[in-house]
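Trainee: Could you take me closely through one part of this model, the place where two neighbouring helices meet, and then set that part beside the rest of the fold? I would like a connected account rather than a list.

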Amino acid sequence: MTQHDRAVVSLTGAYKAYGTGENRVAALAGVDLSFGAGTFTAVMGPSGSGKSTLLQCAAGLDRLDEGRVELAGSDPAKLSETRLAVLRRSRIGFVFQHFNLLPSLTARQNVELPLRLGGLRPDEGAVNRALDDVGLAGRAGHLPGELSGGQQQRVAIARALVTRPDVIFADEPTGALDFGASRGVLALLRRAVSAHGRTVVMVTHDPVAASFADRVVFLADGRVADGLDRPTAEGVAARMTGLETAAC
Ligand code: ADP
């Protein structure tokens, strides 16, 4: 078995609905998906197709109504809140659209945070390497407000990588960035996979962002509607247009 055959995250028969009666909507209507170790997957689909719900449930931030999640060897539904928090802190990295850095902490302190929260004394070498890897060694003492959006997102990536997580969940990581900053952030996520064997699952609307992934999974109405290996931006855009037309 190669490293790529081992699923780090999988969902089986994933079902989750919101609302009641006539207003009931199945955000996930029976999803089977797995994300292999050392792979980069983009999750796309029209607004309301279930992308955020998929990410939240796969990351153990929300629970399914039916079906099963396996996340870094555990079923989040079977863990206590405390154990789930430990799993999230130690095995999972998160990157959000709006960076979610603590504004009163420096770049270095933000990167150290997951280690401190895990009760570890931050390893200065590891923190320096994480900052260096994202090209911010010279900005370690700056507050987020003193950094550009692209630099802030790079701090967030260093923070996500410093614990050497099994999987990084990224929710629209380039949604608030201009084209140049987006490419820098995507190249870092790509490198985390290709050079360091991390696993990345990224929700995005942007076909160019998706083209950095190994595979694109398209959702529609809470189901997996399509998939594309070795995506190009043009190929992704064409599939998206098809899905959006079908949804109208
Ligand atoms: P996407 O991320 O693709 O836009 P979501 O996962 O956010 O899709 O939403 C899928 C469906 O579930 C949508 O119809 C949305 O309105 C509904 N939904 C999501 N979260 C909630 C919620 N907290 N309460 C009610 N409905 C929700």
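Mentor: Let us begin with the contact itself, in which A107, R108, V111, E112 and L115 of α3 meet E124, V127, N128, A130 and L131 of α4. Sorted by class, the residues in this contact of α3 with α4 are six nonpolar, one polar and three charged. The model is a predicted one, and the geometry described here should be read with that in mind.

Helix α3 covers residues 107-117 and helix α4 covers residues 124-133, and the two pack with their axes 10 Å apart at an angle of about 125°. That angle makes α3 oblique to α4, because an angle of 125° lies outside the range of 65 to 115 degrees that counts as roughly perpendicular and is not over 145, where roughly antiparallel begins. As for handedness, α3 passes α4 in a right-handed crossing.

The burial of α3 can be read alongside this contact. A107, N110, V111, E112, P114 and L115 are the buried residues of α3, and as a group they pack against α2 (81-91), α4 and α5. Just after α3, G119 takes a positive phi of about 80°.

Positive phi values also occur at residues other than glycine, and two of them lie in loops. R164, which is not a glycine, has a positive phi of about 50°, and R164 sits in the loop between α5 (149-161) and β6 (167-171). With a relative accessibility of 61%, R164 counts as exposed, because the cut-off for that class is over 50%. R230 is likewise a residue other than glycine with a positive phi, here near 45°, and R230 is placed in the loop between β9 (223-229) and α8 (233-247). R230 counts as exposed at 72% relative accessibility.

From the helices we can turn to a sheet, where three strands in the order β2-β1-β4 form an open arrangement with antiparallel pairing. The edge strands are β2 (25-36) and β4 (66-71), each of which pairs on one side only. On average, neighbouring strands of this sheet are turned by 15° against each other, direction ignored. Strand β1, residues 7-18, pairs with β4 in the antiparallel sense over five bridges, and within this region Y15 stands opposite E66 in β4.

Two residues of these strands repay a closer look. K16 is found in strand β1 and, although its side chain belongs to the charged class, K16 is buried, with a relative accessible area of 8%. Leaving aside neighbours within four places in sequence, K16 is in contact with V25, A26, A27, L28, T53, C57, D62, R63 and D65. The C-alpha atoms of K16 and L64 are separated by 5.2 Å, though the two residues are 48 residues apart along the chain.

A29, for its part, has its place in strand β2 and is buried, with a relative accessible area of 15%. Once its neighbours within four places in sequence are set aside, A29 is in contact with A14, Y15, D221, G222 and R223; among these, Y15 is the residue that stands opposite E66 in β4. For a pair that is distant in the model, one can take A29 and L147, which are 118 residues apart along the chain and whose C-alpha atoms are separated by 41 Å.

Technical notes
Residues numbered from 1 in each chain as written. Predicted model: local features only at pLDDT ≥ 70, side-chain atom pairs only at ≥ 80, totals over all residues. Heavy atoms only, no water. Pairing = 2+ DSSP bridges. Helix = DSSP H or I, 4+ residues; strand = E, 2+ residues; numbered from the N terminus. Axes fitted to C-alpha atoms, helices over the stretch in contact; angles between N-to-C directions. Parallel < 35°, antiparallel > 145°, perpendicular 65-115°, else oblique. Left-handed = near helix turned anticlockwise from the far one by under 90°. Contact = heavy atoms within 4.5 Å. Buried < 20%, exposed > 50% of the residue type's maximum accessible area, 1.4 Å probe, protein only.
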